[in-house]
There are 2 protein chains.
Amino acid sequence: MTVTLADVAARARVSPATVSRVLNGNYPVAASTRERVLLAVRELDYVPNGPASSLAAATSDLVGVLVNDIADPFFGIMAGAAQSAIGEGAGGRGGAEKLAVVCNTGGSPERELTYLTLLQRQRAAAVILMGGSLEDPEHLAATSGKLARLTEAGTRVVLCGRPPVPGDTGAAVLVFDNRAGARLLTEHLLALGHRRIGYVAGPADRTTTRHRLEGHRQALAAAGVPEGPTVHGPYDRRSGHEATAGLLARDPDLTAVVAANDTVALGVCAALRERGLSIPGDVSVAGFDDLPFSVDAVPALTTVRLPLHAAGARAGRLATGAEELPPGGPAVVPVELVLRGSTGAPRG
Amino acid sequence: MTVTLADVAARARVSPATVSRVLNGNYPVAASTRERVLLAVRELDYVPNGPASSLAAATSDLVGVLVNDIADPFFGIMAGAAQSAIGEGAGGRGGAEKLAVVCNTGGSPERELTYLTLLQRQRAAAVILMGGSLEDPEHLAATSGKLARLTEAGTRVVLCGRPPVPGDTGAAVLVFDNRAGARLLTEHLLALGHRRIGYVAGPADRTTTRHRLEGHRQALAAAGVPEGPTVHGPYDRRSGHEATAGLLARDPDLTAVVAANDTVALGVCAALRERGLSIPGDVSVAGFDDLPFSVDAVPALTTVRLPLHAAGARAGRLATGAEELPPGGPAVVPVELVLRGSTGAPRG
DNA sequence: ACCCCGATAGAAAGCGCTTTCTGTCACGGA
DNA sequence: TCCGTGACAGAAAGCGCTTTCTATCGGGGT
């Protein structure tokens, strides 16, 4: 069958213990012995049995990265950055590389819990949850319990782009300043002179959706401008496309639309164009996230840039323990307003 | 510490063996006993130790999905579909759900081999490799050996969108008909009257790049039209943006540009616009893949649609064994030409 | 010359589960 | 009444590692 550590030991004429020590490098072994063992490893093409190691050592080198939608570059970029950071961190037990794996929850709370359980079974070294979560109290409680359990078992937990769950779960938390971003964006539109601003929000009940909406409202309130029509929908172009009709029906004199994210904004733009409205001549459009394609949209999208790459990498480092978060609540990641061609002063 | 199977057994007043049998459901257990065990499991919030199970049973429920670039929706869509298919397949040993994990190789052959070794260590149930590979003979040989080793060890291997590696590795192979797609696209441009067609190809040495280029050349040859300038680069918008200058320098009278994929095409469009060239008035542009944003480009991109979702899902089913491939070489996935606004007849 | 010590290496006891091999028991047929 | 026969359940032997605990050996201190 497969080559085991014992085979290597026999071939190198040493005890299994010695082979283990050579491989994990956490114990003095004479250079000559080490050479002999490594030679045997190469000759036999030995690959250690991961489950056996994990069982005996009571830890594994698996790091789980949970994302809401793997097909969305928003998550792809963050997850990729995290995975790189984790890979580079290299050293784990005995310098063994960590296996960063990304799991796609599809935004479903059940699947999220399932994956957490699966990772708990695997005794994962760390778990990173990326992206906003549902705000349903029941789900939050379940998640909170699960995360606490994981932390207890020695699994590091990192939340990236998601607010802390209730209860002290011992998780490291990184949140984007969505409120500030949305506020900046709306202030920009107000400064341009817009007074009738529509809003295509993300799915209701999601933290990210709520925060962005709150920032938007804060800016409006501060300026004494009444809130325009709001429509909720998923984070896809279709949502933006369909929502646009609803928005215009509720206020035909809209001069600007803020979208839940850039993908949605693209849908909004398409719908406006189909109605013969020009951007930003007739209606200004703004997105959120600054995904790679946003600069190539026509006109290029004004948006709020989230440092996805940096945040993902940081989450990765937190997961491997290469970085520690200062105590005292979540670390807030600043966001930045990016002005481009899709917003301008309203006509007249 | 953590709850073990023995704890559950004690609480349910049965032997560990019985608990195991209840959990894996592959042996007759009296209903009353089963109830008692399940109750104890719930009361203690028992989560089985994955490594221990894997060790004892000599298999795990991990399925690895290797992708070249997780931030690219091309891979995100396929990987997401595969993950769903695998999750739905449910039943594994004892109906245990499989953990589909995606690993980002970043297109690096070394990382790819590293991940394969890591998955081999974990005694993964299956491995799916997505996307074109390097054509370097040495790397192919190494990969081939690794895959053969995995297959021997009982891991199912699926190649999705990548040609078979040399040697009989026992892998199930799904390939996109890239040649035919590129041929159709170029034939379309030729039919519109284009005779000077530039080509922004993907990274040299990649199977996908070569196949698309071959299809392009076949069409040109069949029509007796000389090949235009070609530039190679990565699959990102920047590559398309930069390549455009080179293409125009080599042939200022270009009337059409074929891009390696839609993302690159976006970069090409941006560069053309910056030079004051209209699309498709002055230059037609075509992409490849039909990613979600392509329909919202301005003008909307003419492209070759790959059934990414369907192919990913099928790869997932092949990985779980829910579907078998008919013998006789790789299954060829058909592609489809999608005509949109970015291509038109050349001026004059 | 004796002893203690540092540097290595081996023996062996698990890690928590699966699974074969043995029971044990209640029952129906003879 | 006795025994064969299912239907269950327990005992125990690993799965392939890690890691204490223990043994060995060659020196340097006194």
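**Close-up views of helix α4(B) and of DNA strand D**

**View 1. The start and end of α4(B).** At the start of α4(B), the backbone nitrogen of B:A52 has a side-chain oxygen of B:N49 within 2.9 Å, where helices (H or I, at least four residues) are DSSP runs numbered from the N terminus. After α4(B) comes B:A58, with a positive phi near 65°. This is a predicted model, in which local features need pLDDT of at least 70 and side-chain atom pairs count only at pLDDT 80 or more, whereas totals for chains, interfaces and linings use all residues. Residues are numbered from 1 along each chain as its sequence is written, chains are lettered from A and ligands numbered from 1 in the order in which they are written, and side-chain values use heavy atoms, with hydrogens and water left out.

**View 2. The buried residues of α4(B).** In helix α4 (residues 50–57) of chain B, the buried residues (under 20% relative accessible area, 1.4 Å probe, protein chains only) are B:G50, B:P51 and B:S54. Because they cover an arc of only 95° around the axis, taken from the directions from the helix axis to the C-beta atoms, they lie on the same side of α4(B). The buried residues of α4(B) pack against α4 (50–57) and α6 (109–121) of chain A, contact being heavy atoms within 4.5 Å.

**View 3. Phosphate contacts of DNA strand D.** Polar contacts (pairs of N or O atoms within 3.5 Å) link phosphate oxygens of DNA strand D to a backbone N or O atom of A:L5 at 2.6 Å, to a polar side-chain atom of A:N24 at 2.9 Å, and to a side-chain N or O atom of B:T33 at 2.3 Å.

Definitions and conventions. Buried < 20%, exposed > 50% of the residue type's maximum accessible area, 1.4 Å probe, protein only. Helix = DSSP H or I, 4+ residues; strand = E, 2+ residues; numbered from the N terminus. Polar contact = N/O pair within 3.5 Å; in protein donor to acceptor, adjacent residues only side chain to side chain.
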